[in-house]
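Visitor: Please take a close look at one charged side chain for me, and then carry on from there to the rest of the chain. I would like the cut-offs behind each term as you go.

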Amino acid sequence: MPGYPVLPEGLAYGGDYNPEQWPEEVWHDDVRLMREAGVNLVSLGIFNWSLLEPAEGEYDFGRLDRILDLLAASGIKADLATPTSSPPVWFRNRYPASRLVGREGQVLAGGSRHSFCPSSPDYAAASARIAGRLAERYADHPATAMWHVHNEYGWANPQCYCETSAGAFRDWLRDRHGDVAELNTAWGTTFWGLTYGSLEEVEPPRISPVGQLTALQLDFARFSVEAHIANFRREREAIRAHSDLPVTTNFMIPNCKPMDYWRWAGEVDVVSNDHYLDSGRADAHIELAMAADLTRSVAGGRPWMIMEHSTGAVNWQPRNLAKRPGEMRRNSLAHVARGSDSVLFFQWRASRYGAEKFHSAMLPHAGTDSALWREVVDLGADLGRLAGVRGSLVEAEVAVVWDWESYWAVELEWRPSVDVRFRERVEAYYAALWREHVTVDFVHPSADISGYRVVVAPSAYLLTEAAGKNLHRYVESGGHLVVSFFSGIVDENDAIHPGAHPGALRDVLGLWVEEFHPLPEGATVRLGAGGTSGGTGGTGRIWSERVRPAGARAVQDFADGPDAGHPAITRHDLGAGTAWYAATALDPRDLLRQVLDHAGVTRPRDLPDTLEAVRRGAHVFLINHDDRPATAHDVTGTGVLDGRQYDGEVIVPPGGVIVVATTPRRNP
Ligand code: GLA
């Protein structure tokens, strides 16, 4: 990729830097303190459009020149941003047709960022122009290390429902479906007599009186992702005309549901991601690990960058909990363990004004006489010691299927149960694997999965026929597949696969489903002894269904509920592999253990659940999320952070992190 790694000397450390919010004398303090903390990269100019181009076509680069010179003189690099996520007030007033329109048809106000229509030709022209001007001016500046295009595409304006968007959507539909007859067939518009006479009659899925064509909604979601990608490409090419440095844009994996990041993956030179803890969750660190693994997977396994996370509290949750002592360090090093070559934050210095003044920063309002600042300085020192990790890879034997289209589709209206949520099942299976200390990759269901010992599909409601065949081939040739209920049900147009459910997976799972029996709110069903191996109990939530084996055998039956005496878990031996199926929302740990053992996935068995253990290249990261010490075994090498030698046993203090540069074990 062009110019990567960004910082060949080691990991990048720093964050968003908004010096324009401060008088210039503060900048000198900033760079002095950045050096004290070991900061070597800052994201600069993200919200500078109105300063750089105060009136259309009139530019003022003076302030940015001065700050870049100051950074260069201090040895700090810039991840230089194009400011296009926040168009200036003049732009909005001059181009009213570029305003964002919500699903209800209301025009969204200014006084905020992201308030523009992604399909606006005026926005396209203006954003490419400012990106080109920046690249032309700063491509060769000694501080410039990489380009940060925009900020979080699609977070606040994922879809626009204005007439310009409607026209662009129709063009997109023409490319996808050809003509109106094809579209009518694909969308099944004979239903409710919704047949279109021409593509010109198609409207975006604005608020309608009652349930709407789901295929229309899915296509509009796809179109909208591509509208954002087109904007990114335009800016990227404007930069490319002047610079070969790496270009990125900060994703929000996995917490920006409307953005299909598999589609985005190939567009950037380095994948970068913003991730914020859901501080109310006891298992927030597991969700962080999932985000990091998914980000690495979107990056195709290559190193990536955590572009933003927080040193402490955010400002946009209902209750913004400060991080506990050591938590920022654990969070940061968990990202590094899972493939990040950076630790970057929003933001360097806490703001005094505007919507984010209660958001934590590297330099808090309290200043340097604070525990948080001391943690920031210590983290910088830790990252200096971890320089050798940069560029190394994380390997996984297990993959989890993740498809944004399935995420969208399963959560549209009028499904069998509102309790069936994409993240609910994916996180349940991910957490069970995390607690088993199994590092996973995420995969698109059509990807080449032949290299994994186990593939888990926790929520694959939308699965194309081709993806179903991909999973079938995988099992036949020796793979081990685990599928959870309500998967393989519809195709890319949200049409039920012909015949009994689950149409795309009937053959590989060796079963069919006679009827769904979603459970009442809060109800559970018991799993009992049954099938060939006898069950060990447990409960299911959300779902039950009547499974009819056709080649598969029951591993465990439902003990009560609407499907008492019928299979709850099945196994199908097919070719050289096996396919397992769970017909309810169970705690998947026992099932996964069985499958991992069967597939020969080795893992440390005597570690506490709360110890995160990840190998990245030659480094083993041990992160203790408990308030008791935790012991890991069979780890030999040098402690990179503490300088100690380890020969087999490593005791990780409560809340602590130990990273061991391993040496191969000698044969006795
Ligand atoms: C996002 C944005 C930042 C900031 C943070 C606050 O990640 O990119 O500009 O608003 O959220 O958490």
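Guide: With a relative accessible area of 32%, E397 counts as partly exposed, a class that lies between buried (under 20% relative accessible area) and exposed (over 50%), computed with a 1.4 Å probe and with protein chains only as cover. The model is a predicted one, in which local features need pLDDT of at least 70 and side-chain atom pairs count only at pLDDT 80 or more, while totals for chains, interfaces and linings use all residues. Residues are numbered from 1 along each chain as its sequence is written, and side-chain values use heavy atoms, with hydrogens and water left out.

The side chain of E397 meets that of R453 in a salt bridge, at 3.1 Å from N to O; the term stands for a side-chain nitrogen of Lys or Arg within 4 Å of a carboxyl oxygen of Asp or Glu. This pair links distant parts of the chain, 56 residues apart, since E397 sits in the loop between α12 and β10 (398–401) and R453 in the loop between β11 and β12 (454–457). The helices named here are DSSP runs of H or I with at least four residues, and the strands are runs of E with at least two, both numbered from the N terminus. R453, like its partner, is partly exposed, with a relative accessible area of 38%. Side chains of opposite charge can pair when their charged atoms come close.

A second salt bridge joins R526 and D560, whose closest N and O atoms are 3.3 Å apart. R526 belongs to strand β15 (residues 524–528) and D560 to the loop between β18 (553–558) and β19 (567–574), so this pair ties together parts that are 34 residues apart in sequence. Here R526 is partly exposed at 47% relative accessibility, and D560 is partly exposed at 25%.

The third pair, R628 and D626, has a salt bridge at 2.8 Å from N to O. In this case R628 counts as exposed, at 54% relative accessibility, whereas D626 is buried, with a relative accessible area of 16%. Elsewhere, salt bridges that share partners join R176, D219, R222, E226, D260, R263 and E405 into one network. A search of the whole structure finds 55 salt bridges.

From charged pairs we can turn to the ligand, which is surrounded by F47, R113, N151, E152, D274, Y276, E308, W316, F346, E356 and H359, each with a heavy atom within 4 Å of it. Among these residues, R113 has a side-chain N or O atom 2.7 Å from an oxygen atom of the ligand, and E152 places a polar side-chain atom 2.5 Å from a ligand oxygen. H359 likewise has a polar side-chain atom 2.7 Å from an oxygen atom of the ligand. Taken alone, the ligand exposes 310 Å², and the protein buries 97% of that; such areas come from the Shrake-Rupley method with a 1.4 Å probe, and for residues only the protein chains shown count as cover.

F346, one of the residues around the ligand, is joined to Q347 by a cis peptide bond with omega of about -5 degrees, and Q347 is in the loop between β9 (342–345) and α12 (371–385). Another cis peptide bond runs from I253 to P254, with omega near -5 degrees, and P254 is placed in the loop between β6 (250–251) and α9 (261–264).

The backbone has further points to inspect in its loops. H114, in the loop between α4 (89–94) and α5 (121–138), has a phi near 60 degrees, a positive value in a residue other than glycine; H114 is buried, at 1% relative accessible area. H437, in the loop between α14 and β11 (440–443), also has a positive phi, near 65 degrees, and is buried at 10%.

Finally, the surface carries a nonpolar patch formed by F191, W192, L194, V210 and W414, with about 550 Å² of accessible area together. Patches are made of residues with over 30% relative accessible area and no salt bridge, where like charges are joined within 9 Å and nonpolar side chains (Val, Leu, Ile, Met, Phe, Trp, Tyr) within 5 Å. Of this patch, W414 lies in the loop between α13 (404–410) and α14 (422–435) and counts as exposed, at 59% relative accessibility.

Methods:
A polar contact is a pair of N or O atoms within 3.5 Å; within protein, one must be able to donate a hydrogen and the other to accept it, and residues adjacent in sequence count only if both atoms are side-chain atoms.
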